[in-house]
Amino acid sequence: MSKYADHLPLYRQAQIYARQGVELDRSTLADWTGRAAWWLRPLRDHLLDMLKRSGKLFADETVAPVLDPGRGRTKRGQLWAYARDDRPWGGSDPPAVAYRYAPDRKAEQPIEHLAGFRGVLQVDGYAAYRKLARIGDVQLAFCWAHVRRRFFEQAASGTSPVATDVLARIAQLYAVEADTRGQSADARRAVRQERSRVVIDDLHRVLDMRLGQISRKGGLAEAIRYALSHWDGLCRFLDDGRVELDSNTVERSIRPLTLNRKNALFAGSDDGGDNWAVIASLIETAKLNRVDPQAWLADSLTRLAEGHRINALGDLMPWTYAARVVG
């Protein structure tokens, strides 16, 4: 919990224990963490399998530096995040996130992680997801926040009225979303068809026109080309009320990983990266469901060690634990 929920590296924990008169070597703490991850890995795998049965997911990835002893430096591993949160449209499935560690950022990673998934995957513009969509039954929904950021960078200088105009139009889309948050998927779709589609159609016309009027080598042209090249996926939300306007849901799930990375600097090995993914998946899912992660973790580890049936791992999910405790 101290390492993955409170982002306190093991060497700092060892120093704290030493001040209290308890001598615990960092390698001992690492061994305990690895043993816990071994017990918990089936739960993370079950969680990801459950997510893949959903009709709508978010995906993102972030760098996970890993020690590379043979070269005397760190290498760039990756932590991939797959999240579900249906609360904005009143879905009944509990929110959850599952992380997977991989030694690289190749397209083969999400293809392997999401094998069997069929539905809408909301992502940023990374090309690996397009390859996943080409070979599987996956529709991509792209992120308007990524589009907005590119135009914001151009507008920040105060010398790009075109970028300022585009930002105002995107703000209209977000205003519609604010009015429909919490409504059913069908209701959201109906409002989007009535109010957002006209904004989208007009914005496409403006972007296409402006691209022919400006230098194609500047940052503004790059921002416009990015939007137009992702247009179909950016418009996916119009016809599906489950789809969000952006992928901020999964980006919020990335933040705990970046805090851990900032404090610990790197994982000790590829196995350590995998342990990180396993334990963080379960802690963050517990937090999403407003379950005390430490109480849930202690209960689940105890039940697993006592021989909990492998074909009943669903009984150990955080939301099931919450129902059992409340009941």
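**Two unusual backbone angles, two unpaired cysteines and a pocket**

One of the places worth a look in this predicted model is R290, which sits in the loop between α11 (270–288) and α12 (293–305). The backbone does something a bit out of the ordinary here: R290 has a phi near 55°, a positive value in a residue other than glycine. For context, most residues other than glycine have a negative phi. As for its surroundings, R290 counts as exposed because its relative accessible area is 80%, over the 50% cut-off.

H7 shows a similar backbone feature, with a positive phi of about 60° although it is not a glycine. This histidine belongs to the segment before α1 (10–19). Is H7 buried or exposed? Its relative accessibility comes to just 10%, so H7 counts as buried. The two residues with positive phi therefore part ways on accessibility, with H7 buried and R290 exposed.

Next come the cysteines. How many disulfides does the model have? The count comes to zero. A disulfide is, after all, a covalent bond between the sulfur atoms of two cysteines, and the cut-off used for such a pair is 2.5 Å. For C143, the closest cysteine sulfur is the one in C235, and because it lies 14 Å away, it is too far for a bond. Looked at from the other end, C235 is in no disulfide either, with the sulfur of C143 as its nearest cysteine sulfur, 14 Å away. Both side chains are tucked out of reach of the probe to a good degree: C143 counts as buried at 1% relative accessibility, and C235 is buried too, with a relative accessible area of 15%.

Finally, there is the second largest pocket, with a volume of about 400 Å³. It is lined by 18 residues, and those closest to its centre are M1, S2, T33, A36 and L297. Which helices supply at least two residues each to this lining? They are α1, α2 (26–52) and α12. Of the contributions to the lining, the largest share is that of α2, which provides five residues. The chemistry of the lining leans to the nonpolar side, with 13 nonpolar residues, four polar ones and one charged.

Some of these elements turn up more than once along the way. The helix α12, which follows the loop holding R290, also helps line the second largest pocket. Likewise, α1 comes after the segment that holds H7 and supplies at least two residues of that pocket's lining.

Methods
Residues numbered from 1 in each chain as written. Predicted model: local features only at pLDDT ≥ 70, side-chain atom pairs only at ≥ 80, totals over all residues. Heavy atoms only, no water. Helix = DSSP H or I, 4+ residues; strand = E, 2+ residues; numbered from the N terminus. Buried < 20%, exposed > 50% of the residue type's maximum accessible area, 1.4 Å probe, protein only. 1 Å grid on protein atoms, 1.4 Å probe; cavity = no way out; pocket = protein on both sides within 12 Å on 5 of 7 lines; lining within 4 Å. Points joined across faces, edges and corners; volume = space filled by probe spheres on them. Nonpolar A, V, L, I, M, F, W, Y, C, P; charged D, E, K, R; others polar.
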